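I opened a fresh page for this one and kept my notes in the order I looked things up. Pull up a chair and read along.

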Amino acid sequence: MYQEFFGFREKPFNLTPDPKYLYLSQRHTEAFAHLEYGRQQRGGFILITGEVGTGKTTLARYFLSRLDERTATAFVLYPALSAAELLRSTLEDLRIPVTGESLKDHVDALHRFLLAAHAQGREVVLLIDEAQDLSAEVLEQVRLISNLETDTDKLIQIVLMGQSELQELLGRRELRQLAQRVTARYHLEALNRSETEGYIRHRLMVAGGEGKVTFTSGALGAVHRRSGGVPRLVNLICDRALLAAYVVGERVVDTGMVQRAAREVSGAVGWSQRVVFAAGAALVAVATIAWLAFRPTPQVPPTAAAALSPAPRATMPTENAPNPLAPLLLRLQRDASLESAVGAVQARWGPDVALERTPLRTYLDQIRRLDLPVVLEMFHPNKRDTCFLALLQLSGQEAVVSTEAGPVSVSFSDIDKMWTRHAVFLWRDFDGVAGAKGAAIEPWARTALNRAGYTEPDLTKAVGMFQRKVELAPDGVVGIRTLIALYSVGDYQRPRLRTGGVS
């Protein structure tokens with residue numbers, strides 16, 4: 001209802017577990033790091049737990065979305081199944097044909113598939129969501145599936161995600177063998193106040209609403225208090241608060257709107273969380289079923305033999321090769337590495353050039369378009385804190401980064417595996433227009449756009465056309481991202497990421 005009024009591409013606070021909306025708070029970054037670490041170890045189980053609505057399903061989809069097509073995946077959403085039904089669901093998701101009906105027939109078919117996958121250097125991941133609903137009998141069957149292995153390697157990586165009760169379930173004596181095989185575990189907690197604010201701003205930005213609607217400081221604080229930092233409850237409150245703002249024609253959401261929204265959502269002054277969580281869970285379940293129905297078909301042909309026929313050794317993936325950045329990231333300290341990385345980028349500009357420093361959540365294509373040396377925030381699965389590297393040059397998939405010992409060449413895919421998607425852009429405000437708004441920036445914007453070939457008389461439309469070209473939210477406003485992008489296409493002397501030189 002309010003989407004057109006605010007200029008959103010889509011509703012920013014839907015309950016669907018869309019991975020592009022995942023906000024990598026420190027907690028979610030750590031949880032993802034544990035998923036990646038456990039996957040790379042290729043042994044035992046990965047266990048991720050958290051209270052209702054903390055973003056486990058969204059994290060699961062984000063994790064699966066980052067696996068390449070050489071990784072076969074099975075995603076079990078409704079684990080309230082028998083052992084045979086769970087195994088059959090796994091086979092169907094992996095598109096493994098089964099000729100027999102017995103449990104042994106199913107296990108044998110899975111084993112053949114896994115052995116063929118291993119011979120090809122492929123990985124297989126089984127992710128079970130809401131795993132707290134698994135019975136002890138089914139969990140024992142899952143443990144037996146994990147026993148499918150060669151003399152040196154596990155053939156399948158199993159991820160269990162669920163509510164806190166899952167930890168209690170694995171504490172039972174009859175499940176101690178499974179519990180002992182958990183190689184990576186993490187409990188996902190609710191967001192703190194600052195993370196809640198960042199989460200709200202992030203979702204508004206992804207939906208194309210950055211700068212189009214504002215939550216006051218008091219409103220943000222009220223959202224955190226009434227939601228407890230639980231993302232699903234944050235979504236419910238913010239969605240209703242935006243509706244309240246739309247009804248009165250306001251583009252600023254204040255504390256009163258949030259308080260009324262919280263009361264409407266809960267149905268009472270205090271939270272009736274059971275009702276809210278149940279409704280949210282139902283919506284998430286429906287959305288996830290839709291995703292499973294319409295997601296791209298896994299790159300596994302219909303028969304195990306055809307799917308995994310021998311291939312030349314040279315084409316085998318190198319996914320299990322050690323990441324050359326890992327030892328470096330393990331040594332780096334957060335503050336010192338940020339200072340060092342900033343210094344490396346500053347050196348490319350020149351020591352006396354005054355630079356703006358803008359932290360942004362971004363992605364590779366945008367970094368290529370802006371064509372600037374940039375500071376990337378990195379993580380290591382074995383470290384609590386993140387650290388930083390300077391990306392100095394990028395040619396295709398080959399990159400040059402700064403290290404303590406000097407520049408090092410690595411593949412961008414190695415960087416990508418340990419990059420949080422947060423970056424710090426250091427850029428020069430050549431014409432001194434940063435911070436200018438409205439009429440103050442219009443003459444400069446008109447000149448810059450004309451120079452770039454955007455001569456539409458309506459300035460707002462011209463800005464929007466340029467923004468679409470560089471894949472920014474087409475809001476027609478010259479914000480920081482748009483300003484940096486306009487400088488990137490102008491005739492300014494500056495260091496270039498794609499050439500490694502200055503031009």
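My entries below go from the whole chain to single residues.

**Entry 1: the chain as a whole**

I began by reminding myself that this is a predicted model. I then looked up the overall make-up and found 21 helices and 13 strands in the chain. The chain has 503 residues, and 53% of them count as buried. For the accessible surface I noted about 22600 Å², with 52% of that belonging to carbon and sulfur atoms. I also looked at how contacts spread along the sequence. Taking contacts between residues at least 6 apart, I found that 73% join residues at least 24 apart.

**Entry 2: the cores**

Which residues touch the most other members of the largest nonpolar core? I wrote down Leu325, Leu376, Met378, Leu391, Ile415 and Trp444, out of 60 residues in that core. Strand β10, residues 387-395, gives the most to this core, and its share is seven residues. I picked Leu376 for a closer look and left out its neighbours within four places in sequence. Leu376 is then in contact with Ile367, Cys387, Phe388, Leu389, Leu391, Ile415, Trp419, His422 and Ala423. Another core lies apart from the largest one; it has 36 residues, including Ala83, Leu110, Leu134 and Leu166.

**Entry 3: aromatic pairs**

Next I turned to the rings. How many aromatic pairs does the structure hold? I got 15. In the pair of Phe6 and Phe8, the ring centres are 5.5 Å apart and the planes meet at 35°, so I logged the pair as tilted. Phe6 is buried at 2% relative accessibility, and Phe8 is buried too, with a relative accessible area of 6%. I set a second pair beside it: Phe412 and Trp419 are edge-to-face, with 6.2 Å from centre to centre and 80° between the planes. Why do I call Phe412 buried? Its relative accessibility is 2%, and the cut-off for buried is under 20%. Trp419 counts as buried as well, because its relative accessibility is 2%. This Trp419 is also one of the residues that Leu376 contacts.

I also traced a cluster linked by ring pairs, made up of Trp349, Trp427, Phe430, Trp444, Tyr487 and Tyr492. Trp444 was already on my page from the largest core, where it is among the residues touching the most other members.

**Entry 4: a charge over a ring**

Which residue lies over the face of Phe5? I found Arg251 there, at 4.4 Å from the ring centre.

**Entry 5: Ala109**

I wanted one small residue to follow, and I chose Ala109, which is found in helix α5, residues 103-119. Is Ala109 buried or exposed? I noted it as buried, because its relative accessibility is 2%. Not counting residues up to four places away in sequence, Ala109 touches Ile96, Pro97 and Val98. I checked the spacing to Pro97: the two residues are 12 apart along the chain, and their C-alpha atoms are separated by 7.5 Å.

**Entry 6: cysteines**

Last, I looked for disulfides and found zero. I looked up two cysteines while I was there. Cys238 is buried, with a relative accessible area of 0%, and Cys387 counts as buried at 1% relative accessibility. Cys387 had come up before, as one of the contacts of Leu376.

Note on methods:
Residues are numbered from 1 along each chain as its sequence is written. This is a predicted model: local features need pLDDT of at least 70, side-chain atom pairs count only at pLDDT 80 or more; totals for chains, interfaces and linings use all residues. Side-chain values use heavy atoms; hydrogens and water are left out. Rings of Phe, Tyr and Trp (its six-membered ring) pair if their centres lie within 6.5 Å; planes under 30 degrees apart count as stacked, over 60 as edge-to-face and the rest as tilted. Buried means under 20% relative accessible area, exposed over 50%, partly exposed in between (1.4 Å probe, protein chains only). A charge sits over a ring if NZ of Lys or CZ of Arg is within 6 Å of the ring centre and within 35 degrees of the ring normal. A nonpolar core is a set of buried Ala, Val, Leu, Ile, Met, Phe, Trp, Tyr and Cys residues joined through side-chain atoms within 4.5 Å. Helices (H or I, at least four residues) and strands (E, at least two) are DSSP runs, numbered from the N terminus. Contact means heavy atoms within 4.5 Å. A disulfide is a pair of cysteine sulfur atoms within 2.5 Å. Accessible areas come from the Shrake-Rupley method with a 1.4 Å probe; for residues, only the protein chains shown count as cover.
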